[in-house]
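The following exercises concern cavities, salt bridges and a surface patch in a single structure. Each task is followed by a solution set out in steps.

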Amino acid sequence: KLTMKKEYMKLFFAGMLSSFPFSFIPFPPITIIGFYIFFKELSVSTCLKNSVILAFFFGFGHNLFGMHWIFFPLTFDANLMYLAPIIPIIFASFFALFICFSSLFVHFIIKKTLLMRHIYLSSVLIAIFFYTGEFLRSKLFGGFPWNLYGHIWSFSENFLGIVKYIGIFGLSFLTILWIVLVSQKILLKQFKDTVILLLIFPAFLLFTGISNEEKTSGSIKVRVVQPNIPQDKKWSREHMKYNMNKLIKLSFKEKGSPSLIIWPEVAVPEFLNKSKGTIEYLSKLLPKETYLLLGSLRIEDKEIFNSSYLLSNKGIIDHYDKLKLVPFGEFIPFRDFFSFKKLTEGKRDFSVGVNRKIMPIKVKKSILKIEPSICYEGIFPQKRINNLESNVLINITNDAWFGTTTGPSQHLTATRFRSIERGLPLIRVANSGISAIYNGSGKLLDSIPLNQEGYIDFDLKISHLDTIYSNYGDKTFIVMFLIVLFLAIFLDFFSIKKRLNN
């Protein structure tokens, strides 16, 4: 029993180690070390039940450490404070089940000597099961696509170019395959192959990361406003006037007049479509050919929406309702069975918007076609809207919920991949950070750090790079997988033939 406990603790710490590149140390091979320990224990595990338990402890450590920040939103509500230490354990346990699911199959694959001889094919099979677990986690119950394995390359845009062909899920699968292959080669003590594989995949990513020349057609001056309003004061009635004045002070400086001003999610915490006075007040502040994109609430036929509004000096000219709501934050899954209070203000769940849309604005000779998203939506991959072309992605968010944890930087990382997949500039505007501007290759152009008040004036080049992923979405994954499968069979055939000749 003592030996078993040591095994479980070992796997827990191996899981923690494998999650380091998501939060603290931008060095992908660290993930391989954690997985090598995991696969080594699986290879000597005597039964399926023990393998699943080992997988649970590995997944628990991986998710508890990688998403430790999930407790922070609960600290703002005294009625939920007692849940703060419990929720990360529940979430980490739930996410660990997806790794357990993968390991059910991996246990059999890793035990079969016939497949171990076919190391490349067995690695592809193991990788596809781990990828399936990650994919299901990203889709079920609203989806939790945080800390995808492809995110470990985000320390440099030079490694991310392949995403414009196969999306973040494609990069995740290839990363998992790389981790599995290197781990198996170490287990088989094939150290020469280990070194080659360790280097060849990052080199391949660098090669595919060579970016194309962006075609531009004019530019528009944009002002990104980050007010850094604390979460406990954001909804406070006594602070609303002060908060509004802060936003206005940052937005309407004397030096120059931007064509587009962007405020964060729910910058105006009221039902803006019913607040005639607020609309008139903001509209009068806007010069001709200056637009304001801001987050606020919307109520229609007793339904409440988390929305973004586009204002001009004539009032509201367009709005967008959030489509992807945050489970437990904006709605309670299986509401008929659970009576929990959601984390955001108000007792009622938010309603889901109808569809994605483009918000076009005309400034002088240029037309900016804005594709809006709100907070959580930014971490989900999407191909372009059918028959509609946007030329900038704008994501507004709050992120004051997560304090000084690594949560905001992980959310920014996940959102950044949308710029590469779509080949479009991305503007992310946060309440307390991190606000950032990326070009269509995912390169950071400017930013405002976490928990800092300020604004960015930026000449946004109107550009468009029509990517393969933008047109076909995750269908490209199937093509990539078939190529990888064919290559694995070929390499196994070649290596077996070589062994027979020797």
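**Exercise 1. The largest cavity**

Task: Determine which residues line the largest cavity, and state which helices each supply at least two residues of that lining.

Solution. Step 1. In this predicted model, the lining of the largest cavity consists of His62, Asn63, Phe95, Phe98, Ile99, Ser102, Phe130, Gly133, Glu134, Arg137, Asn147 and Tyr149.

Step 2. Three helices each contribute at least two residues to this lining: H4 (48-66), H5 (87-111) and H7 (119-139).

Step 3. By residue class, the lining of the largest cavity comprises 5 nonpolar, 5 polar and 2 charged residues. The space in the largest cavity amounts to about 100 Å³.

**Exercise 2. The second largest cavity**

Task: State how many cavities of 30 Å³ or more the structure holds, and describe the lining of the second largest cavity.

Solution. Step 1. There are 2 cavities of 30 Å³ or more. The volume of the second largest cavity is about 40 Å³.

Step 2. Asn63, Leu64, Met67, His68, Ile70, Pro88, Phe91, Ala92 and Phe95 line the second largest cavity. The elements giving two or more residues to this lining are H4 and H5, and H5 gives the most, with 4 residues.

Step 3. The lining of the second largest cavity divides into 7 nonpolar residues, 2 polar residues and no charged residues.

Step 4. Asn63 and Phe95 appear in the lining of the largest cavity and also in that of the second largest cavity.

**Exercise 3. Salt bridges between distant parts of the chain**

Task: Which parts of the chain are linked by the pair glutamate 371 and arginine 422, and by the pair arginine 428 and aspartate 399?

Solution. Step 1. The side chains of glutamate 371 and arginine 422 form a salt bridge with an N to O distance of 2.8 Å. This pair joins strand S8 (residues 366-374), which holds glutamate 371, to helix H13 (residues 407-422), which holds arginine 422; the two residues are 51 residues apart.

Step 2. Glutamate 371 counts as buried because its relative accessible area is 6%, under the cut-off of 20%. Arginine 422 is likewise buried, at 4%.

Step 3. Arginine 428 and aspartate 399 meet in a salt bridge at 2.9 Å, N to O. Here arginine 428 lies in strand S10 (residues 426-430) and aspartate 399 in the loop between strand S9 (392-397) and H13, with their positions 29 residues apart. Both arginine 428 and aspartate 399 are buried.

**Exercise 4. A salt bridge with two exposure classes**

Task: Classify aspartate 193 and lysine 185 as buried, partly exposed or exposed.

Solution. Step 1. Aspartate 193 and lysine 185 form a salt bridge, and their closest N and O atoms are 2.9 Å apart.

Step 2. Aspartate 193 has a relative accessible area of 28%, so aspartate 193 is partly exposed. Lysine 185 has a relative accessibility of 3% and therefore counts as buried.

Step 3. The structure holds 12 salt bridges. Arg298, Glu300 and Asp321 are linked in a salt-bridge network.

**Exercise 5. A nonpolar surface patch**

Task: Identify which residues make the nonpolar surface patch of about 470 Å², and locate phenylalanine 486.

Solution. Step 1. The patch is made by Phe486, Leu487, Phe490 and Phe494.

Step 2. Phenylalanine 486 is placed in helix H15 (residues 475-501). Because its relative accessible area is 60%, phenylalanine 486 is exposed.

Note on methods
Residues are numbered from 1 along each chain as its sequence is written. This is a predicted model: local features need pLDDT of at least 70, side-chain atom pairs count only at pLDDT 80 or more; totals for chains, interfaces and linings use all residues. Side-chain values use heavy atoms; hydrogens and water are left out. Patches are made of residues with over 30% relative accessible area and no salt bridge: like charges are joined within 9 Å, nonpolar side chains (Val, Leu, Ile, Met, Phe, Trp, Tyr) within 5 Å. Accessible areas come from the Shrake-Rupley method with a 1.4 Å probe; for residues, only the protein chains shown count as cover. A salt bridge is a side-chain nitrogen of Lys or Arg within 4 Å of a carboxyl oxygen of Asp or Glu. Buried means under 20% relative accessible area, exposed over 50%, partly exposed in between (1.4 Å probe, protein chains only). On a 1 Å grid over the protein atoms alone, a cavity is a set of points where a 1.4 Å probe fits but cannot get out, and a pocket is an open set with protein on both sides within 12 Å along at least five of seven lines; lining residues have an atom within 4 Å of a point. Grid points are joined across faces, edges and corners, and a volume is the space filled by probe spheres set on the points. Ala, Val, Leu, Ile, Met, Phe, Trp, Tyr, Cys and Pro count as nonpolar, Asp, Glu, Lys and Arg as charged, and the others, Gly among them, as polar.
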